[in-house]
Amino acid sequence: MKLVVAIIKPFKLDEVVQALTGVGVTGLTVTEAKGFGRQKGHTEVYRGAEYDTSFVPKVRLEAVVADDVAAKAVDAIAAAAKTDSIGDGKIFTLDVPSALRIRTGETDDTAL
């Protein structure tokens, strides 16, 4: 199993979720996040004054998928989240040694 973690622009969330369900991802977790990379934050205007904010709003998606679905999930996220501008995000893939569905006691791939 793999844990696929993606940091994307918030307005691309719906497109990414549709793409993931299209490749067979049956569950995921979405968290609002803030961070920065190469874009180094941005300037906001509040009540006429400019403020530099070093953290940009992002969305973090996490999905644990079977090994054979991981590459498809990464490709789906990359295609759906791409805007060709700085700050499109990152995708990370990590190994998951085990999983347990608490309600039923199912483990590993059957727990997904």
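This briefing covers the sheet, the helices packed on it, one strand residue and two backbone outliers. The model is predicted. Its sheet is open and has four strands, in the order E2-E5-E1-E6. Helices H1 and H2 both meet strands of the sheet: H1 lies across E1, E2 and E5, and H2 touches E1, E5 and E6.

**Sheet**
- Pairing in the four-stranded sheet is antiparallel.
- Strands E2 (29–35) and E6 are the edge strands. Each has a single partner strand, so one side of each is left without a neighbour in the sheet.
- From one strand to the next, the twist averages 20°.
- E1 and E6 run antiparallel and are joined by seven bridges.
- Ala6 has Ile91 in E6 as its bridge partner.

**Helices on the sheet**
- Helix H1 spans residues 13–22. It lies across E1, E2 and strand E5 (56–65).
- The direction of H1 is at about 10° to E5.
- Helix H2 packs on the sheet, where it touches E1, E5 and E6. The direction of H2 makes about 5° with that of E1.

**Leu3 in strand E1**
- Leu3 sits in strand E1, which covers residues 2–8.
- Leu3 and Val65 are 62 residues apart in sequence. In space, their C-alpha atoms are 6.5 Å apart.
- Beyond its neighbours within four places in sequence, Leu3 contacts Glu62, Ala63 and Val64, among others.
- The contacts of Leu3 also include Phe92, Thr93, Leu94 and Val96.

**Positive phi outside glycine**
- Most residues other than glycine have a negative phi. Two aspartates here are worth a look on that count.
- Asp84 is not a glycine, yet has a positive phi of about 65°. Asp84 lies in the loop between helix H2 (67–81) and strand E6 (89–95).
- Is Asp84 buried or exposed? Asp84 is exposed, with a relative accessible area of 65%, which is over the 50% cut-off.
- Asp108 also has a positive phi, of about 50°, and is not a glycine. Asp108 belongs to the segment after E6.
- Asp108 is partly exposed, because its relative accessible area of 33% falls between the 20% and 50% limits.

Definitions and conventions. Residues numbered from 1 in each chain as written. Predicted model: local features only at pLDDT ≥ 70, side-chain atom pairs only at ≥ 80, totals over all residues. Heavy atoms only, no water. Helix = DSSP H or I, 4+ residues; strand = E, 2+ residues; numbered from the N terminus. Contact = heavy atoms within 4.5 Å. Buried < 20%, exposed > 50% of the residue type's maximum accessible area, 1.4 Å probe, protein only. Pairing = 2+ DSSP bridges. Axes fitted to C-alpha atoms, helices over the stretch in contact; angles between N-to-C directions.
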